[in-house]
Amino acid sequence: MASKPRVTAPEQKTGNVVRDSSLALVPETLDPYLAVNALIWLGGPLNAAEIEMARLRNARTVNCVFCRNVRYDIAIEAGLDEAKVALIEDGFIDSDLSDREKLILEFSDQYLGNPAAIGTDLQQRLLAEFTIEELVHLSMAISHFHGFSRCAVSLGGMPDDMPRMEVSLPD
């Protein structure tokens, strides 16, 4: 991880972890990003725990230390605890996660790795468990989180490790 920042964050701090990052240097894009982020969490058919599972699977894939250690409070309220988070690692197929949760992770991996190669078996299992609206929501969420975490990693400045922290949706 690049602990030396490639871009320096603003001097003035707001107390909001996203607005205090280097992303705040371009507020005309940060504000719409935060609006889309809120819509993903609050405006779609998936619950916050399901969205958080996909976000954490992406964080693991991109190796974003910030994204790996953040937990959204609304996901915790929706039932995602650290015992379940620990099952998001490799080998989740043989875990105690529900079939629906395993499909979220399996789809996330396929989406992040090679989205054009979703096989017939996975497609049938997805369509048996999720509505089309839920799959679109999941796809948009993964895409959004993937772009944000890649941006954070590419800008540098993150520590090699950090404690788990709970955050609320930025305003």
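Contact here means heavy atoms within 4.5 Å. With that cut-off in hand, let's work through some exercises on this predicted model.

**Exercise 1. Describe how helix 6 and helix 8 pack against each other.**

Solution.
- Step 1: two packed helices are described by the angle between their axes and the distance between the axes.
- Step 2: for helix 6 (residues 99-113) and helix 8 (residues 132-155), the axes come within 11 Å and the crossing angle is roughly 55°. That makes helix 6 oblique to helix 8.
- Step 3: as for handedness, the crossing of helix 6 past helix 8 is right-handed.
- Step 4: now list the residues. Helix 6 contributes R100, I104, F107, S108, Y111 and L112, which meet E134, L138, S139, I142, S143 and H146 of helix 8. Sorted by class, this contact holds six nonpolar, four polar and two charged residues.

**Exercise 2. Do the same for helix 2 and helix 8.**

Solution.
- Step 1: the axes of helix 2 and helix 8 come within 9 Å, crossing at roughly 35°.
- Step 2: helix 2, too, passes helix 8 in a right-handed crossing.
- Step 3: on the helix 2 side you will find I51, A54, R55, N58 and V62. Their partners in helix 8 are H137, L138, A141, I142, F145, H146, S149, R150 and V153. The class count for this contact is eight nonpolar, four polar and two charged residues.

**Exercise 3. Helix 2 holds R55. Decide whether R55 is buried or exposed, and find what surrounds R55.**

Solution.
- Step 1: the relative accessible area of R55 is 5%. Buried means under 20%, so R55 is buried.
- Step 2: look for a polar partner. A polar atom of the R55 side chain lies 2.5 Å from the backbone oxygen of V70.
- Step 3: collect the contacts, not counting residues up to four places away in sequence. R55 touches W41, C67, V70, R71, Y72 and F145. V70 therefore appears both as the polar partner and in the contact list, and F145 belongs to the helix 8 side of Exercise 2.

**Exercise 4. Which side chain is joined to that of R57 by a polar contact?**

Solution.
- Step 1: place the residue. R57 is found in helix 2 and counts as buried at 2% relative accessibility.
- Step 2: check the side chains. Those of R57 and D109 are joined by a polar contact of 2.7 Å.
- Step 3: add the surroundings. Leaving aside neighbours within four places in sequence, R57 is in contact with I88, E89, D90, F92, L105, S108, D109 and L112. Among these, S108 and L112 also belong to the helix 6 side of Exercise 1.

**Exercise 5. What is notable about phi of N63, and where does N63 sit?**

Solution.
- Step 1: phi of N63 is near 65°, a positive value in a residue other than glycine.
- Step 2: N63 has its place in the loop between helix 2 and helix 3 (65-69).
- Step 3: with a relative accessible area of 39%, N63 is partly exposed.

**Exercise 6. Set sequence separation beside C-alpha distance for M140 with I40 and for D20 with L126.**

Solution.
- Step 1: M140 lies in helix 8 and counts as exposed at 52% relative accessibility. M140 and I40 are 100 residues apart in sequence and 7.7 Å apart in space.
- Step 2: D20 is found in the segment before helix 1 (27-42) and is buried, with a relative accessible area of 14%. D20 and L126 are 106 residues apart in sequence and 38 Å apart in space.

Conventions:
Residues are numbered from 1 along each chain as its sequence is written. This is a predicted model: local features need pLDDT of at least 70, side-chain atom pairs count only at pLDDT 80 or more; totals for chains, interfaces and linings use all residues. Side-chain values use heavy atoms; hydrogens and water are left out. Axes are lines fitted to C-alpha atoms, for helices over the stretch in contact, and angles run from 0 to 180 degrees between N-to-C directions. Helices (H or I, at least four residues) and strands (E, at least two) are DSSP runs, numbered from the N terminus. Angles under 35 degrees count as roughly parallel, over 145 as roughly antiparallel, 65 to 115 as roughly perpendicular and the rest as oblique. A crossing is left-handed if the near helix is turned anticlockwise from the far one by less than a right angle, and right-handed if clockwise. Ala, Val, Leu, Ile, Met, Phe, Trp, Tyr, Cys and Pro count as nonpolar, Asp, Glu, Lys and Arg as charged, and the others, Gly among them, as polar. Buried means under 20% relative accessible area, exposed over 50%, partly exposed in between (1.4 Å probe, protein chains only). A polar contact is a pair of N or O atoms within 3.5 Å; within protein, one must be able to donate a hydrogen and the other to accept it, and residues adjacent in sequence count only if both atoms are side-chain atoms.
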